[in-house]
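Notebook open, viewer open. I want to go through the contacts one partner at a time and jot down what I find.

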Number of protein chains: 2
Amino acid sequence: MESDVSANSRLTIAAHALTWIGLYQRRGHEVATSEQIATSVNTNPVVIRRLLAKLSKAGLADSRRGAGAGWMLARDLAAITLLDVYQAIEPGPVFALHRATPDPECVVGHGIGPAMTAVYDDVEAALRRELAKTTLEDVLRDVLKAA
Amino acid sequence: MESDVSANSRLTIAAHALTWIGLYQRRGHEVATSEQIATSVNTNPVVIRRLLAKLSKAGLADSRRGAGAGWMLARDLAAITLLDVYQAIEPGPVFALHRATPDPECVVGHGIGPAMTAVYDDVEAALRRELAKTTLEDVLRDVLKAA
DNA sequence: TGCAGTTGTAACAACTATCGTTACGACTAG
DNA sequence: CTAGTCGTAACGATAGTTGTTACAACTGCA
């Protein structure tokens with residue numbers, strides 16, 4: 001069975017980064033650098049900057065440039081849900097239709113697209129509903145409870 | 001914005017193939033060949049055989065070899081949900097944790113894994129619940145209604 | 001028995017996405 | 001001005017998916 005290495009770890013990394021910034025700020029610091037975050041996540045600072053750039057465009061984080069620069073939250077942890085994060089970094093849907101248009105002469109080929117789209121819409125809605133239930137404040141609480 | 005070509009179209013193709021077999025059988029034929037199915041799906045027969053091989057292992061389809069060979073359903077369309085199909089072809093989870101272990105010395109790095117796992121478990125459960133609501137009989141009904 | 005048609009599966013190329021990395025310009029506090 | 005950091009381009013390595021060719025295995029039927 002394949003190990004599916006390509007599964008999305010972006011949501012995990014993004015939640016990790018934002019939670020780290022939030023905790024760091026609560027401990028009295030103004031900004032967190034991509035290098036500090038990368039150390040906790042165990043990856044390269046550029047990976048963090050790339051991800052935070054998307055979160056910044058979505059209005060979840062802000063950056064300060066120049067010396068003494070770094071990242072801060074644009075909203076409180078309690079005001080950011082995992083759905084907010086998901087939407088900021090995952091543009092595509094979970095399920096896709098055919099790459100090549102199926103045979104329109106065939107009854108199934110003609111009608112399968114709309115039929116599956118209806119199902120996929122419901123699935124995506126359920127997924128979003130579930131992600132919206134958890135805020136980064138909840139995540140931080142779980143993290144601190146585990147310590 | 002990325003076009004995300006890598007999104008899963010497998011579930012669509014698998015549902016298409018099984019529905020096609022089901023309809024073909026209801027019209028009086030015993031078996032359907034991978035070439036016939038591939039024509040409707042607009043892809044290569046080997047792609048269909050690869051997919052049906054997995055569905056066969058999961059007990060959703062059966063194949064007959066030799067001359068006059070082909071594929072048939074192992075259960076009625078009404079007894080196959082999209083969750084059955086999904087589980088047969090998608091081994092991995094939708095969301096993954098970090099590829100590289102995060103810093104265990106860091107509070108966040110240490111506790112983020114379990115925290116996100118709890119969320120992901122709920123999300124996957126919701127996704128499965130939603131997929132289980134629809135049978136291939138429902139899909140076929142929608143398909144025929146659209147015609 | 002032999003032939004024809006189909007499955008089962010390996011192998012390969014093309015394409016795409018992701019990730020880690022290096023590099024460097026832009027920016028700004030001190 | 002200088003040092004430190006962001007923002008982003010570019011590149012190679014890795015891996016997943018799809019389409020394709022090829023061929024052995026199998027079996028109904030003449």
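I began with the make-up of the surface near DNA strand D: eight nonpolar, ten polar and nine charged residues. For the classes, Ala, Val, Leu, Ile, Met, Phe, Trp, Tyr, Cys and Pro are nonpolar, Asp, Glu, Lys and Arg are charged, and the others, Gly among them, are polar.

Ground rules before I go on. This is a predicted model, where local features need pLDDT of at least 70, side-chain atom pairs count only at pLDDT 80 or more, and totals for chains, interfaces and linings use all residues. Residues are numbered from 1 along each chain as its sequence is written, chains are lettered from A and ligands numbered from 1 in the order in which they are written, and side-chain values use heavy atoms, with hydrogens and water left out.

**DNA strand D**

I looked up who sits around DNA strand D (near is a heavy atom within 4 Å). There are 27 residues, and A:Ser34, A:Ser63, A:Trp71, B:Arg10 and B:Thr43 come nearest. Of the strand D atoms within 4 Å of the protein, 59% are sugar or phosphate, and the rest belong to bases.

Next I checked individual atom pairs. The side chain of B:Thr43 has an N or O atom 2.6 Å from a phosphate oxygen of strand D. Two arginines go to bases: B:Arg50 puts a side-chain N or O atom 2.9 Å from a base nitrogen, and A:Arg65 has a polar side-chain atom 3.0 Å from a base oxygen. The elements giving two or more residues to this surface are helix 3 (45–57), strand 1 (61–64) and strand 2 (70–73) of chain A, plus helix 3 (45–57) of chain B. Helices here are DSSP runs (H or I, at least four residues), strands are E runs of at least two, and both are numbered from the N terminus. Helix 3 of chain B gives the most, four residues.

**DNA strand C**

I then repeated the lookup for DNA strand C. It has 29 residues around it, with A:Arg10, A:Thr43, B:Ser63, B:Gly66 and B:Trp71 nearest. Sugar or phosphate makes up 55% of the strand C atoms within 4 Å of the protein.

I found A:Thr43 with a polar side-chain atom 2.7 Å from a phosphate oxygen of strand C. On the bases, A:Arg50 has a side-chain N or O atom 2.9 Å from a nitrogen, and B:Arg65 has one 2.8 Å from an oxygen. Helix 3 of chain A contributes the largest share of the surface near strand C, four residues.

**Chain A against chain B**

How many residues of chain A are in contact with chain B? I get 61, touching 61 residues of chain B; contact means heavy atoms within 4.5 Å. The two chains bury about 4900 Å² between them, 70% of it on carbon and sulfur atoms. Buried area is the accessible area (1.4 Å probe) that two parts lose on being put together, summed over both. In chain A, A:Thr12, A:Phe95 and A:Val108 lose the most area, together 11% of what that side buries.

I looked for salt bridges across this interface (Lys or Arg side-chain nitrogen within 4 Å of an Asp or Glu carboxyl oxygen) and the rule finds zero.

**Confidence**

Last, pLDDT, the predictor's confidence in each residue, from 0 to 100. Chain A averages 93, and 95% of the residues score at least 70. Over residues 1–6 of chain A the pLDDT is below 50. Note to self: where pLDDT is low, the predicted coordinates should not be read in detail.

Technical notes: A polar contact is a pair of N or O atoms within 3.5 Å; within protein, one must be able to donate a hydrogen and the other to accept it, and residues adjacent in sequence count only if both atoms are side-chain atoms.
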